[in-house]
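Let's take a friendly walk through a protein chain together. Have a look at the structure below, and then read on.

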Amino acid sequence: MTRHASAQRSFFSLSAVAWTALACCLMLAAPAGYAEGDLEALDDSWRLVSDRNDIQVYMRHRDDTRLKTFRGVTRFTLTDQYALVAVLNDYEAYPRWLHFVDSAEEIGRESELLRYLRFTTLLPWPLANREAVLRADVREIRSQDAQRVEVLLSNAPQRLPPNDDYIRFPEMQGIFGVSDLGHDTVEITYQLVLDPGGYIPAWLANILLRDAPYFTLDRLRRIVKRPEYQGHYYDYLDLKGPGTPPVEADPET
């Protein structure tokens, strides 16, 4: 096994990355048809549309929708991996880094890694604001060559009655992935496509989707370094960070 693969294994030995909400996350969303490992490798079907500040944004057209799929990718140094989990558990702070999101709340959970979330968006005039009610599933992908966590979100409109103040997204698809590259470096991938519902011209929706990965990843890189997110520990995850309690010695050894 290569040193690279070994370093990745240490990051995701458990289930992970919360994304708990990584799911946190995000205004992405993945339909029920998504399976583990659906974060496909970039190929010729993807076109690079933006490369700035160490964030690459790619675009791919799907034949079954009028909208395009956008993917943002960035790598950065993160010595306290639990800080990322702390950010993603802080729903009140989502509007500070999640592009176009005005509010986020957890409305239920079946486990730490299966939660139900509600997001609202703040869109520029004259567009009406939107609402998403989502199921957030966190899955760990393990193989010989890679270790990563993918957060899949799927529509769960039955969890809440309609809200007349918002247009609910009729379709959302996406994946939020995190990989440990070793040497305190992580790679985050943010992919999404959605049908915003109501009236938004396709060309404008595509511009909004193109911007969302870039600004979300750019802000996330900065907010995860804030002092209030350092030194945390979550016993349902096996990550690296100064908040991790020391391993107790076996008295029989």
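Arg109 and Glu106 make a good starting pair. Glu106 counts as partly exposed because its relative accessible area is 26%, a value that lies between the limits of 20% for buried and 50% for exposed. Its partner Arg109 is partly exposed too, at 41%. The two residues form a salt bridge in which the closest N and O atoms are 2.7 Å apart. Keep in mind that this is a predicted model.

**The chain as a whole**

Now take a step back. The chain has 4 helices and 10 strands. Reading from the N terminus, their order is α-α-β-β-β-α-β-β-β-β-β-β-β-α. Of its 253 residues, 52% count as buried. The chain exposes about 11,900 Å², and 49% of this area is supplied by carbon and sulfur atoms. Among contacts with a separation of 6 or more, 66% involve residues 24 or more positions apart.

**Salt bridges**

How many salt bridges does the count come to? There are 13. Here are three of the pairs:

| Pair | Closest N to O distance |
|---|---|
| Glu187 and Arg75 | 2.8 Å |
| Arg109 and Glu106 | 2.7 Å |
| Asp137 and Arg135 | 2.8 Å |

In the salt bridge between Glu187 and Arg75, distant parts of the chain are linked: Glu187 belongs to strand β10 and Arg75 to strand β3, with their positions 112 residues apart. Is Glu187 buried or exposed? With a relative accessible area of 18%, Glu187 is buried, because buried means under 20%.

Asp137 and Arg135 also form a salt bridge. Asp137 is buried, with a relative accessible area of 14%, whereas Arg135 is partly exposed at 29%.

Salt bridges can also join up into a network, as they do for Glu105, Arg118, Glu131 and Arg168.

**Two backbone angles to look for**

Which angle is positive in Phe100, although this residue is not a glycine? That angle is phi, at about 75°. You can find Phe100 in the loop between α3 (82–89) and β4 (101–111).

Asp184 is another residue other than glycine with a positive phi, near 60°. Asp184 sits in the loop between β9 (171–182) and β10 (185–195). The relative accessibility of Asp184 is 31%, so it counts as partly exposed.

Notes
Residues are numbered from 1 along each chain as its sequence is written. This is a predicted model: local features need pLDDT of at least 70, side-chain atom pairs count only at pLDDT 80 or more; totals for chains, interfaces and linings use all residues. Side-chain values use heavy atoms; hydrogens and water are left out. Buried means under 20% relative accessible area, exposed over 50%, partly exposed in between (1.4 Å probe, protein chains only). Contact means heavy atoms within 4.5 Å. Accessible areas come from the Shrake-Rupley method with a 1.4 Å probe; for residues, only the protein chains shown count as cover. A salt bridge is a side-chain nitrogen of Lys or Arg within 4 Å of a carboxyl oxygen of Asp or Glu.
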